[in-house]
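Here is a friendly walk through one protein chain, taken a piece at a time. Keep the sequence and the 3D view side by side as you read.

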Amino acid sequence: MNQASAWLQIHIGLLPAGLVLDLACGGGRNSLYLLEKNYEVLALDRDGQSFVMLEAAGARTMLHDLEADAEHDNWPFVENAFEAIVVCNYLHRPLFPAMLGSLAPGGILIYETFAAGNEQFGKPSNPAFLLQQGELLAQIRSNPQVAMHVIAYEEGYVEQPKPAMIQRICARKTGKTRGLDRL
């Protein structure tokens with residue numbers, strides 16, 4: 001089993017107690033780490049291959065294709081549903097506004113994925129799956145009803161777990177806003 005995201009490990013202490021969504025959980029490495037740290041986990045993916053193992057470890061699982069409608073979000077959750085949302089190596093831009101709405105006030109978003117320039121290191125190389133410069137910062141402002149406070153942000157080259165171009169953010173939902181006092 002692969003080790004949990006280093007970005008998640010760095011920021012785990014900021015996560016409030018409660019339900020954490022591991023969005024596009026894949027093999028479950030981050031879900032297992034969260035469970036080890038005594039978080040309640042909902043692991044969501046469109047491929048349930050890791051669900052038996054995750055359920056045996058104590059996670060709740062949800063089989064769901066977030067991209068069933070490529071032009072719109074296919075978000076199955078209500079507002080304020082999660083104390084934290086963790087996303088690693090996944091990008092579907094239409095989800096951002098609804099995802100941010102589903103964070104509870106004070107909730108933490110830990111998001112890390114590939115960025116433009118990654119094509120020189122392999123996959124993903126399709127621009128549709130690569131963030132443009134500064135895009136992750138812009139995406140966390142995509143819901144005009146949600147104010148986010150950036151705790152940490154990085155953009156650029158990483159060596160581990162493999163050479164790649166990435167963007168990653170850790171941000172706290174500060175509540176609702178009318179739009180002018182956003183990040």
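Let us begin with a single contact: the side chain of Gln167 reaches the backbone oxygen of Gln132 at 2.7 Å. Before going further, please keep in mind that this is a predicted model. Gln167 itself sits in strand E7. Is Gln167 buried or exposed? Its relative accessibility is 0%, so Gln167 counts as buried.

A second contact of this kind involves Ser102. You will find Ser102 in the loop between helix H4 (96-101) and E5. A polar atom of the Ser102 side chain lies 2.9 Å from the backbone oxygen of Val78. Ser102 counts as buried because its relative accessibility is 1%.

Now turn to the strands nearer the start of the numbering, with E2 as our anchor. Why can strand E2 (residues 40-45) be called largely enclosed by the rest of the structure? The reason is that 5 of the 6 residues of E2 are buried. On one hand, E2 pairs with strand E1 (residues 19-23) in the parallel sense, over 5 bridges. To see how the two strands line up, look for Leu21, which stands opposite Leu42 in E2. To get from E1 to E2, the chain passes through helix H2 (residues 29-36), and this β-α-β crossover is right-handed.

E2 has another partner too. With strand E3 (residues 60-63), E2 pairs in the parallel sense over 4 bridges. Asp45 is a handy marker for this pairing, since its bridge partner in E3 is Leu63. Here again there is a helix to follow: E2, helix H3 (residues 51-57) and E3 make a right-handed β-α-β unit. If you are tracing side chains along these strands, a general point may help: in a regular strand the side chains alternate between the two faces of the sheet.

The loops on either side of H2 deserve a closer look. Between E1 and H2 lies Ala24. The phi angle of Ala24 is near 55 degrees, a positive value in a residue other than glycine. Ala24 has 18% relative accessibility, and since buried means under 20%, Ala24 counts as buried. Gly27 lies in the loop between E1 and H2 as well. With a relative accessibility of 38%, Gly27 counts as partly exposed. Gly27 and Asp47 are 20 residues apart along the chain, and their C-alpha atoms are separated by 9.4 Å.

After H2, in the loop that leads to E2, comes Asn38. Asn38 has a positive phi too, near 70 degrees, and is not a glycine. Is Asn38 buried or exposed? At 72% relative accessibility, Asn38 counts as exposed.

Next, the empty space. A general idea first: rolling a probe the size of a water molecule over the atoms shows where empty space is left. In this model the largest pocket has a volume of about 920 Å³. Which of its 39 lining residues are the closest to its centre? They are Arg29, Cys88, Asn89, Tyr90 and Phe114. Several elements you have already met take part in the lining: E1, H2 and E2 each supply at least two residues, and so do strand E5 (103-114) and strand E7 (164-176). By residue type, the lining divides into 18 nonpolar, 11 polar and 10 charged residues.

Two proline sites are worth finding in the backbone. The peptide bond from Lys123 to Pro124 is cis, with omega near -5 degrees. Pro124 is placed in the loop between E5 and helix H5 (135-139). Another cis peptide bond joins Gln160 and Pro161, where omega is about 5 degrees. For Pro161, look in the loop between strand E6 (146-158) and E7.

Finally, go back to helix H1 (residues 6-11), where His11 lies. His11 has 9% relative accessibility and therefore counts as buried. For a sense of distance across the model, pick out His11 and Gln145: they are 134 residues apart along the chain, and 25 Å separates their C-alpha atoms.

How values were computed:
Residues numbered from 1 in each chain as written. Predicted model: local features only at pLDDT ≥ 70, side-chain atom pairs only at ≥ 80, totals over all residues. Heavy atoms only, no water. Buried < 20%, exposed > 50% of the residue type's maximum accessible area, 1.4 Å probe, protein only. Pairing = 2+ DSSP bridges. Right-handed = clockwise from strand over helix to strand, strands pointing away. 1 Å grid on protein atoms, 1.4 Å probe; cavity = no way out; pocket = protein on both sides within 12 Å on 5 of 7 lines; lining within 4 Å. Points joined across faces, edges and corners; volume = space filled by probe spheres on them. Nonpolar A, V, L, I, M, F, W, Y, C, P; charged D, E, K, R; others polar. Polar contact = N/O pair within 3.5 Å; in protein donor to acceptor, adjacent residues only side chain to side chain.
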